[in-house]
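Thanks, everyone, for making the time this morning. I would like to walk you through a model, moving from single residues to aromatic rings and then to empty space, so please have a look at it first.

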Amino acid sequence: MKVTVVGAGAVGASCAEYIAMKNFASEVVLLDIKEGYAEGKAMDLMQTASLNGFDTKITGTTNDYAKTAGSDIAVITSGIPRKPGMTREELIGINAGIVKTVSSSLLEHSPNAILIVVSNPMDTMTYLVHKTTNLPKHRIIGMGGALDSARFKYRLAEALGAPISDVDGMVIGGHSDKGMVPLIGHATRNSVKVSEFLDGDKMDWVVQETKVGGATLTKLLGTSAWYAPGAAVSGLVQAIACDQKKMFPCSALLEGEYGLNDLSIGVPVILGKNGIEKIVEIELSEAEKAKMQESAEGVKKTNGLLQL
């Protein structure tokens, strides 16, 4: 099992670290455009192998996609964050160019790879990969919902005063502050609905804190988070590599599911050796359906900024 991670920044390096520590892959390749950067990160990580007890080989390369050949799974974290004075159109234009080039270069050397897209705006970048690669839709996965759901569970456990292992919940919809749809009505504490323990105000607080989870960290850190995103990616990679048939909310191309068409957005999926093995349609309340529709409209508006 060979996994490539494109982008050796904080998220990419954390992703490689978690994959290696779980010890299910034979090799992880880190690739970056900055000279020597991925090689340095790989060497640093390999020097933890004896300490952390893993045998996964981690290698780094500067923009040499030949070294990624034969990858089973490839993760795309590359792209730039929005800078002061930069319009959303500029961000999308630059990141779209990067993601198109990266996905094309990966598939040139690993034509059978399953692609996991992390670059932002994530749902739109996932849609772009669908439109520009012509891969079967089960082989293109957007990572957003797994991270958002982890943040949701963190806030639920905090509000409940419960251990995280007691809590279950899911976030669907777009991977954005306004687009997320935390399914508070479906959330449980050890199979009991959280509404049995929390009042309406507290549940609203959990939902709002989940939706601004990334922004809260950016404000505190001065940059995007990396531990939880890296862990979320590693969870998706492991589910595919080990054919676990696990359910995660991921950005998937919809063709009628949830009444939506021609966009990638977060919905529950089963992940296994083929990538997305099934899109799971769960029953939503009228309010949840309305929020999902609103989220989809926001994603489509952003998609409209792409130069396809």
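Let me begin with N95, which is buried, its relative accessible area being 2%; please keep in mind throughout that what you are looking at is a predicted model. N95 belongs to helix α4, which covers residues 88-109, and, leaving aside residues up to four places away in sequence, N95 is in contact with G79, I80, N120 and M125.

One of those contacts, N120, takes us to the annotation, because it is worth asking which residues the UniProt "binding site" covers. According to that record, which is an unreviewed entry, they are R82, R88, N120 and R151, and I would add the caution that such annotations may be inferred rather than shown by experiment.

Of these, let me look at R151, which is found in helix α6, residues 145-160. Is R151 buried or exposed? Its relative accessibility is 13%, and since the limit for buried is under 20%, R151 counts as buried. Beyond the residues up to four places away in sequence, R151 touches T210, G213, G214, L217, A225 and P229.

A second buried residue I would like to show you is L183, with a relative accessibility of 1%, which sits in the loop that joins β9 (180-182) to β10 (188-189). Its contacts, again without residues up to four places away in sequence, are F152, M170, I172, I282, L284 and E288. If we look instead from L183 to E294, which is 111 residues away along the chain, the two C-alpha atoms are 15 Å apart.

Turning now to the rings, how many aromatic pairs does the count give? The count comes to one, and that pair is made by W226 and Y227, whose ring centres are 5.4 Å apart and whose planes meet at 50°, so the pair is described as tilted. As for their surroundings, W226 counts as partly exposed, at 25% relative accessibility, whereas Y227 is exposed, at 52%.

There are also charged ends placed over rings, and I can point to two examples. The charged end of R189 sits over the ring of F197, at 5.5 Å from the ring centre, while that of K202 sits over the ring of W205, at 4.7 Å from the centre.

Finally, let me come to the empty space, beginning with the second largest pocket, which has a volume of about 440 Å³. Its lining consists of 22 residues, and those lying nearest its centre are K153, D168, G169, M247 and P249. The elements that each contribute two or more residues to this lining are α6, α9 (227-241) and β12 (246-255), so helix α6, which we have already met as the place of R151, appears here again.

As for enclosed space, a search of the whole structure finds one cavity of 30 Å³ or more, and the largest cavity holds about 30 Å³. Which residues line the largest cavity? They are M122, D123, G142, G144, G145, D148, G173, G174, H175, C250, S251 and G266, and the elements giving two or more residues to that lining are α5 (122-133), α6 and β12.

Terms used: Residues are numbered from 1 along each chain as its sequence is written. This is a predicted model: local features need pLDDT of at least 70, side-chain atom pairs count only at pLDDT 80 or more; totals for chains, interfaces and linings use all residues. Side-chain values use heavy atoms; hydrogens and water are left out. Helices (H or I, at least four residues) and strands (E, at least two) are DSSP runs, numbered from the N terminus. Buried means under 20% relative accessible area, exposed over 50%, partly exposed in between (1.4 Å probe, protein chains only). Contact means heavy atoms within 4.5 Å. Rings of Phe, Tyr and Trp (its six-membered ring) pair if their centres lie within 6.5 Å; planes under 30 degrees apart count as stacked, over 60 as edge-to-face and the rest as tilted. A charge sits over a ring if NZ of Lys or CZ of Arg is within 6 Å of the ring centre and within 35 degrees of the ring normal. On a 1 Å grid over the protein atoms alone, a cavity is a set of points where a 1.4 Å probe fits but cannot get out, and a pocket is an open set with protein on both sides within 12 Å along at least five of seven lines; lining residues have an atom within 4 Å of a point. Grid points are joined across faces, edges and corners, and a volume is the space filled by probe spheres set on the points.
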